[in-house]
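User: Please take a close look at one helix pair and then place it in the wider assembly. Keep it brisk.

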There are 2 protein chains.
Amino acid sequence: MTELLMTPGPTLVPLEIRGAMSMPVIHHRTPEFIELFHETTNRLKRVFKTENDTFILSGSGTACMEAAICNTVQKGDKVLTLVNGKFSERLGDLAKVYGADVKVLEFDWGSPIDPALVKEALTPDTKLVTMVFNETSTGVKNEVKPISDLLNGTETLLLVDAISALGGDEFKTDEWGVDLCISGSQKCFAMATGLGFISVSQKAWSAINDNPNPRYYLDLRKYKDAKPTPFSTSVTLIYGLSAALDLIAKEKLETRIVRHQTNAKLCRDGIKKLGFEILPISEDVCSNTLTAVKSDKAAVIIKKMLEDHDIRIAGGQAHLKGKVFRIGHMGSITKEHVEKTLKALEEVMKELQ
Amino acid sequence: MTELLMTPGPTLVPLEIRGAMSMPVIHHRTPEFIELFHETTNRLKRVFKTENDTFILSGSGTACMEAAICNTVQKGDKVLTLVNGKFSERLGDLAKVYGADVKVLEFDWGSPIDPALVKEALTPDTKLVTMVFNETSTGVKNEVKPISDLLNGTETLLLVDAISALGGDEFKTDEWGVDLCISGSQKCFAMATGLGFISVSQKAWSAINDNPNPRYYLDLRKYKDAKPTPFSTSVTLIYGLSAALDLIAKEKLETRIVRHQTNAKLCRDGIKKLGFEILPISEDVCSNTLTAVKSDKAAVIIKKMLEDHDIRIAGGQAHLKGKVFRIGHMGSITKEHVEKTLKALEEVMKELQ
C-alpha cells in the first residue's frame with residue numbers, strides 16, 4: 001500500500017493514530033473510559049475554541065449536520081441557506097426535509113459568500129442561517145464573522161459546517177458567535193472516518209428544548225444528559241481521536257494552522273506555475289486545507305496521478321465533475337507531500353502536452 | 001492492559017481485527033473500497049441468512065433501531081411492542097417518539113415472550129411488531145418463528161433486534177420471516193463498536209417508500225440507492241468488520257454457534273454449581289451469548305472480579321441493578337476464558353462467605 005492520499009478527506013492517518021486504534025478495547029461504561037471521553041471532549045473544545053457544550057457522535061459528519069437541523073428547525077421555520085458549493089447545498093436539503101421554509105441564497109461555486117447580499121436576504125423572523133466555512137467542493141473559505149455580526153442581538157441562530165477546516169485553519173466558535181458548529185474526524189484531525197462533532201450554544205439550546213421534532217439517536221438533549229454518551233460509543237475511534245489530539249497538542253494548534261497555510265500557498269503557487277487556474281476567484285478566499293483547480297483534463301490527470309505516481313487526488317463534484325481536480329493538504333500532510341504531488345503533476349502535464 | 005472483558009458487548013476484539021483497523025486508510029470512493037464494501041455486505045448477509053437488502057450504517061445499534069422504526073412507522077400507526085427487558089423497551093420508546101400508538105405487551109424480565117398472549121394482543125391493523133431475539137439485559141432468548149407465524153399473510157411487519165446474538169447463535173432472517181433485522185459490530189462479531197447492520201424485506205420496503213417521516217442520515221431509501229454508501233463510511237471500521245468476517249468464515253458459522261452453545265452451557269453449569277440461580281426461568285430459554293445471574297451481592301462480586309482477578313463482568317440494568325450480574329461469552333470468548341471466569345468467581349465467593 002504505497003498510495004499517497006492527497007484527497008480532501010479522508011486523508012493520511014498517521015501511524016500513531018492507527019496504532020491507537022489497534023489497542024485492546026475496554027468497556028465504554030468504565031470510569032477509565034468515561035475519563036478518557038471527557039478529557040477528549042475537553043481537548044476537542046479547545047480546537048473548537050468554545051466553552052459551549054460539545055458532543056462526539058458515532059456517525060459521519062452528515063449525522064451532525066442533521067442533528068444541528070432536526071434539533072433546532074421546526075416545520076415552517078424560515079431558514080436562510082448560504083450556498084456556494086455542494087456541502088452548503090446539503091444543509092438546505094436537510095432543512096427542507098424537516099419542513100423548513102428554506103430561502104437559498106446562491107453564490108457562484110468559486111466565489112465566497114457576500115455578507116451584503118446576506119444582509120438583504122435576512123428577515124427578522126429567520127430562525128436559522130446555515131453556511132459552510134470551508135467548502136470542500138470548491139476550495140473556497142467563507143468568512144464567518146461578517147455573517148454572525150448581522151445576527152448580533154437577534155433571535156436568529158448561526159449554523160456553520162467547519163468539517164473540512166477545523167484543526168487545520170483558524171476557527172473561533174465563540175468569538176465568531178457560532179451557535180452550532182459541526183466537524184468530523186476524517187479531515188484536519190487526520191483521523192479515521194466515523195466520529196462527528198457538534199458544539200451547541202446557550203441560544204441554540206432554547207430552540208432545541210422547544211423543538212417537537214421526533215428524534216432519538218440525533219437528539220442532542222440525550223447527549224447533554226448522558227454520562228458520557230447516551231448510546232454505545234466506539235472506544236476504538238475515541239482512542240484514535242485521543243491520539244489525533246495528542247498529535248495536535250504536540251505540534252501546537254497555531255503551528256499546525258501555519259503549516260496548513262504554508263502548504264496551501266505552496267500548492268497554489270506550484271499549481272499556477274504549471275499554468276493552471278485555481279477555482280476560487282482570488283487568493284484571499286482560498287481554503288487552507290484543499291486546493292481546487294480548473295482543468296478540462298481533470299479526469300485524465302487524476303487517473304495518471306494515481307496510475308503513474310501512486311498519488312490520489314479528487315475530482316470535481318456535481319456540475320464541476322470533469323472540470324476540476326482537488327488536492328487535499330490537510331491533517332498530517334507535509335510540505336514534502338505537497339512537493340511530491342506538484343512534481344508528479346508537472347510530469348503528468350508534460351506527458352499530456 | 002490485562003483486563004479480560006467478559007461483558008455482553010463490547011467484547012474482546014481479537015488481534016487480527018485490531019490489526020486490520022490499524023491499516024492505512026484508503027479513500028471510500030475508490031473501486032477497491034467499493035468492492036470491499038460490497039463483498040463485506042454480501043458476507044454479512046450470509047450471517048443474517050438473508051437475501052434481503054442489508055445495509056451497514058456508521059453508528060451504534062440504536063441508530064439501526066431508529067432506522068427500522070422511523071422508516072416504517074407513521075404517526076398513529078399501531079405498534080405492538082413485546083417487552084421482556086431493557087432493549088425491547090427501547091424499541092417501544094422509539095415507536096412512541098415517532099407518534100405510533102404503541103401497545104406494550106410486558107413479560108417478566110427473565111421470562112420469554114409467550115406467543116399465545118401475542119396472538120391475543122394482535123389486531124389486523126397492527127403495522128409493526130417489535131421484539132428482541134436475545135435480551136442482553138436478562139440473558140433470555142425469545143423464539144422468533146412462533147411470532148412471525150402469527151403474522152403470516154398479514155400486512156403486519158416484524159422487527160427483530162438480534163444485536164447481541166447474530167454471529168453467535170442460529171438466526172434465520174428469511175426462513176423466520178423477519179422484515180427488519182438489526183445487529184451491530186461489537187457483540188458476536190467481536191468487532192469494535194461503531195457499525196450497525198439492518199436487513200429490509202420487500203414487504204418492509206412498501207412501508208418505507210410510503211413513509212413521510214422526515215429523515216436523512218437514517219433514511220434507508222438513500223442506502224438502497226447508494227454506491228456503496230450515501231455518506232462517508234469508516235474505512236477503518238469496515239477493515240475491522242471484514243477481518244471479523246474472515247474469522248467467522250475460518251471458524252465456520254455453524255461451528256462458531258456450537259462454540260457459543262457449549263460455552264453458554266459451561267457457564268450456566270459452573271454458575272449453578274457455585275450455588276447461584278440464573279435469571280431466565282428455564283434452561284431452554286437461555287441466551288447462548290450471555291448469562292444473567294441473580295445475586296444480591298452483584299455489586300461487590302463485580303467489583304472483586306475486577307479488582308482481584310482483572311475480569312470485567314457486567315451488572316443488571318434498570319430495576320435489576322444490584323440484583324443481577326451478567327457474564328458475556330460472545331464473539332471470540334473461548335472455553336478457557338469462561339473457565340477462568342468461573343474459577344475467579346469461585347474464589348470471590350469463598351472470600352465473601
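Analyst:
**A helix pair and its setting**

In chain B, the axes of helix H3 (residues 61–70) and helix H4 (residues 86–97) come within 9 Å and cross at roughly 45°. Axes here are lines fitted to C-alpha atoms, for helices over the stretch in contact, and angles run from 0 to 180 degrees between N-to-C directions. H3(B) is therefore oblique to H4(B); angles under 35 degrees count as roughly parallel, over 145 as roughly antiparallel, 65 to 115 as roughly perpendicular and the rest as oblique. The crossing of H3(B) past H4(B) is right-handed (the near helix is turned clockwise from the far one by less than a right angle; anticlockwise would be left-handed).

H3(B) brings B:Met65, B:Glu66 and B:Ile69 to the contact, and H4(B) brings B:Arg90, B:Leu91, B:Leu94 and B:Ala95. Two residues are in contact if their C-beta atoms, placed from the backbone, lie within 7 Å. Five of these residues are nonpolar, none polar and two charged. Ala, Val, Leu, Ile, Met, Phe, Trp, Tyr, Cys and Pro count as nonpolar, Asp, Glu, Lys and Arg as charged, and the others, Gly among them, as polar.

This is a predicted model: local features need pLDDT of at least 70, side-chain atom pairs count only at pLDDT 80 or more, and totals for chains, interfaces and linings use all residues. Residues are numbered from 1 along each chain as its sequence is written, while chains are lettered from A and ligands numbered from 1 in the order in which they are written.

Now the interface. Chain A puts 41 residues in contact with 41 residues of chain B. Helices H1 (15–20), H3 (61–70), H4 (86–97) and H9 (235–251) of chain A each give two or more residues to that side. Helices (H or I, at least four residues) and strands (E, at least two) are DSSP runs, numbered from the N terminus. H3(A) supplies the largest share, four residues. Chain A's side holds 19 nonpolar, 18 polar and four charged residues.

Next, the symmetry. A turn of 180° and a shift of 0.0 Å along the axis lay chain A on chain B with an RMSD of 0.0 Å. That is the relation of a two-fold axis. Copies are superposed by least squares on the C-alpha atoms of residues with pLDDT of at least 70 in both. In chain A, the C-alpha nearest the axis belongs to A:Gly59, 2.4 Å from it. The copies meet through the same surface, because 100% of the interface residues of chain A are also interface residues in chain B.
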